[in-house]
Amino acid sequence: LEAILILAAVTASFRGANVQHRRPVLAGALVAFGASVITWVAAGAVLQQFSGLGMRLEAITGFLAVIVLLIVLNWFVHKVYWSGWIAKHNRRRKEVMGGAGLGVLIGLVALGFTSVYREGFETVLFLQNLRVTVGSAVVLEGVAIGLALTAVAGTFVFILQRKLPYKKMLIVTGVMIGFVLVVMVGGTAATFQDLGWLPKHELGADVIPGWVGAWFEIYPTWETIGAQVLAAVFVIGSYYAAEQIQHRRAAKRGVPVAVKAEAPPEPVGQPSP
């Protein structure tokens, strides 16, 4: 969904005579999707070589997935809020369009490819951890459902292309990633406890229903819940830390910091009362 939002934002200006430029971008996106599938197969083959580790492999892949998610979310917050992620892709598009001939074609294909493959690579890492835990069949069922819903959402996104608040929609996808992080942290911490790598102190019987653990990996132990809280604090804290850093840098450069308006601006050319 995140990749679709980026592609839609980048290609929204390809209208009229420029509509033909959408094709190489979408072709690059399709190649990236195929490359993501190949990456899934390759990663599965590599992990198969370590299947003898048993539950330890589950713990290791879960830990690596959590680290990647923490990095991705921290990067996501900074890019979406401070660096203008979509604006960056649009600048790349303008730079590519400034060229001519084969260079433009290659640049547009590369733009579509990179917009999708980064998301595909991350997704492969998360899904491989799930595959190690519960097997391929149920994971592929979930992938099929996710792709179907993404196709439906993507259809509406491209129909409404120029009228959508892309930044707000990307923030929603960021919240979804944060939810995935909390779930994966809980499951990984529970696996660490089963292996004896993490202590286990129960909160008490019937404090958290069993279905909550089955669906959201929230278990009635101080360690698992504490790990999930720390993960959430890290992500939320990185947002506020980035905000403070930006304000301080602006102040050092003598740039006024934006503040929320308390009244609408005065009409141009009319004296204030």
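Here are four short exercises on this predicted model, each with a worked solution.

**Exercise 1: the overall fold**
Find how many helices and strands the protein has, and what share of its residues is buried.

*Solution.* Start with the secondary structure: it comes to 9 helices and 0 strands. Reading along the sequence then gives the pattern α-α-α-α-α-α-α-α-α. Finally, turn to burial: of the 273 residues in the protein, 35% are buried.

**Exercise 2: two helices that meet**
Work out whether α1 and α6 run roughly parallel or roughly antiparallel, and give the hand of their crossing.

*Solution.* First locate the pair: α1 covers residues 2–11 and α6 covers residues 136–159. Their axes come within 10 Å and cross at roughly 20°. Angles under 35 degrees count as roughly parallel, so α1 is roughly parallel to α6. As for the hand, the crossing of α1 past α6 is right-handed.

**Exercise 3: a backbone angle to check**
Locate E217, then decide whether its phi is positive or negative and whether the residue is buried, partly exposed or exposed.

*Solution.* Look in the loop between α8 (210–216) and α9 (222–252), where E217 lies. Its phi is near 55°, a positive value in a residue other than glycine. For context, most residues other than glycine have a negative phi. Now take the accessibility: E217 has a relative value of 24%, so it counts as partly exposed, the range between 20% and 50%.

**Exercise 4: a nonpolar surface patch**
Name the residues of the nonpolar patch that includes L64, and place L64 in its helix.

*Solution.* Begin with L64, which sits in helix α3 (residues 55–83). The patch on the surface consists of I60, F63, L64, I67, I71 and W197. Together these residues have about 580 Å² of accessible area.

How values were computed. Residues numbered from 1 in each chain as written. Predicted model: local features only at pLDDT ≥ 70, side-chain atom pairs only at ≥ 80, totals over all residues. Heavy atoms only, no water. Patch = residues over 30% accessible without salt bridge, like charges linked within 9 Å, V, L, I, M, F, W, Y side chains within 5 Å. Areas by Shrake-Rupley, 256 points an atom, 1.4 Å probe, with all protein chains shown as cover. Salt bridge = Lys/Arg side-chain N within 4 Å of Asp/Glu carboxyl O. Helix = DSSP H or I, 4+ residues; strand = E, 2+ residues; numbered from the N terminus. Buried < 20%, exposed > 50% of the residue type's maximum accessible area, 1.4 Å probe, protein only. Axes fitted to C-alpha atoms, helices over the stretch in contact; angles between N-to-C directions. Parallel < 35°, antiparallel > 145°, perpendicular 65-115°, else oblique. Left-handed = near helix turned anticlockwise from the far one by under 90°.
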